[in-house]
Amino acid sequence: MMLAKPIHPVQISTASRGAVAPANALQRRRPWPTRKELFPYALLVPSLLLICLVIAYPLLSAIGYSLSGGSLLKPGGFVGLKNFIDLFAAKDFYNSIEFSLVFAIGNVLGCYAIGLCLALIMNLDFPGRGACRVAFLLPWIVPGIVSIVCWRWMLADEHALVNQFLSLLGMDPIYFLSDERSAVFAVTMVKIWRSFPFMLLSLLAALQSIDRSLYEAAELDGASRWQGFRYVTMPQIKNLSVVLCMMMTIWSINDFETPFLLTQGGPAKATESMILLAYRYTFVRNNMGLGSAVSLVTRTYANQNK
């Protein structure tokens, strides 16, 4: 039987010094980072300054205005939370929240339903598919003020184009912009018409990225078209759908031009969103503090809906 070779004490001390050497090297590291290590952070400085200029400064300014009185031309002193107390006591504020919620939900559901149906059709191979895609993108390409003014001309009164078409069918005219419920419906429909092409384009790109082998495997397993849509298509576009709905909700809450150009918030403030309320308080009533308070609440409301 062979005996193990004994380790000399000098070898043990040498091995222990080798293990301690890296720790000593870390302790002797320079306290300040090198220029090469700081270079990536230096590249972020312009972006951080731009973010502070575009986001941080307006936000801090709005907070300061909301805690003070006065107007744009004559700033007032510090009033604390008085503007928020007056805002939560105003009936117009809750009416604007109700309309903003209905407007956002209606727009998101309408855009997603129309966009998904058209995306499924555009994903098929048929003659004239390219021309149809271009035609469906027109509502998104046309400037907002042009499309909204055209819709106002078609819905304005009983002699408008839509009511003339209804009269040919023997139906009574519908006062889309004079009745409260009809005005809410009209503003929401116009917003859906302007926004669904973005949903269509995004969902179509997601559908085209799905691996065709998944559908082939589902067909081999005996799945119907509905089952393939339910168990293959929807899981593949679920994450994108959540992001799109979040973006559309924020865009709907922040939309100013659609209700303003179509109804100016009427009739009887039925289509006055939170953004329109902030505009009216700030520029019509000349109350900068109350308008800033509405803006901050709108921002919080939009973040909660995400």
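Visitor: Is D92 buried or exposed in this model, and what is its relative accessibility?
Guide: The model is a predicted one. Burial requires a relative accessible area under 20%. D92 falls below that limit and therefore counts as buried, its relative accessibility being 16%.

Visitor: Which residue in the loop between α11 and α12 forms a salt bridge with D92 in helix α4?
Guide: The closest N and O atoms of the pair are 3.1 Å apart, and the partner of D92 is K269. Because one residue lies in that loop and the other in helix α4, the pair ties together parts that are 177 residues apart in sequence. The partner is itself partly exposed, with a relative accessible area of 34%, and its name is K269.

Visitor: How many residues apart in sequence are the parts that the pair of R285 and D92 ties together?
Guide: R285 is partly exposed, at 46% relative accessible area. R285 forms a salt bridge with D92, with 4.0 Å between the closest N and O atoms. Since R285 lies in the loop between α12 and α13 (288-305) while D92 belongs to helix α4, the separation of the parts is 193 residues.

Visitor: Which residues are linked with D92 in a network of salt bridges?
Guide: Two bridges of D92 have been described, one with K269 and one with R285. The network that holds D92 links it with K269, E272, R280 and R285.

Visitor: At what angle do helix α4 and helix α12 pack?
Guide: Helix α4 covers residues 91-122 and helix α12 residues 274-284, and their axes are 8 Å apart. On the α4 side the contact includes D92, F93 and I97, and on the α12 side M274, L277 and R280 are among the residues met. The residues of this contact comprise five nonpolar, two polar and two charged. The two helices pack at an angle of about 145°.

Visitor: Which peptide bond is cis, with omega near -5°?
Guide: Most peptide bonds are trans. The cis bond leads into P267, a residue of the loop between α11 (257-263) and α12. With omega near -5°, the bond in question runs from G266 to P267.

Visitor: What is the phi of Q264, in the loop between α11 and α12?
Guide: Most residues other than glycine have a negative phi. Q264 is partly exposed, with 47% relative accessible area. Its phi is positive although the residue is not glycine, with a value near 55°.

Visitor: What is the phi of K269?
Guide: K269 lies in the loop between α11 and α12, and it forms a salt bridge with D92. Its phi is positive in a residue other than glycine, with a value near 60°.

Visitor: Which residue in helix α3 forms a salt bridge with D86?
Guide: Helix α3 spans residues 82-88, and the two partners are separated by about one helical turn because they are four residues apart in it. D86 is partly exposed at 34% relative accessible area, and its partner is partly exposed at 47%. With the closest N and O atoms 2.8 Å apart, the partner of D86 is K82.

Visitor: What accessible area do the residues of the nonpolar surface patch with L48 have together?
Guide: L48 is found in helix α2 (residues 35-66). The patch also includes L38, Y41, I51 and V54. Taken together, its residues have an accessible area of about 920 Å².

Technical notes
Residues are numbered from 1 along each chain as its sequence is written. This is a predicted model: local features need pLDDT of at least 70, side-chain atom pairs count only at pLDDT 80 or more; totals for chains, interfaces and linings use all residues. Side-chain values use heavy atoms; hydrogens and water are left out. Axes are lines fitted to C-alpha atoms, for helices over the stretch in contact, and angles run from 0 to 180 degrees between N-to-C directions. Contact means heavy atoms within 4.5 Å. Ala, Val, Leu, Ile, Met, Phe, Trp, Tyr, Cys and Pro count as nonpolar, Asp, Glu, Lys and Arg as charged, and the others, Gly among them, as polar. Buried means under 20% relative accessible area, exposed over 50%, partly exposed in between (1.4 Å probe, protein chains only). Patches are made of residues with over 30% relative accessible area and no salt bridge: like charges are joined within 9 Å, nonpolar side chains (Val, Leu, Ile, Met, Phe, Trp, Tyr) within 5 Å. Accessible areas come from the Shrake-Rupley method with a 1.4 Å probe; for residues, only the protein chains shown count as cover. A salt bridge is a side-chain nitrogen of Lys or Arg within 4 Å of a carboxyl oxygen of Asp or Glu.
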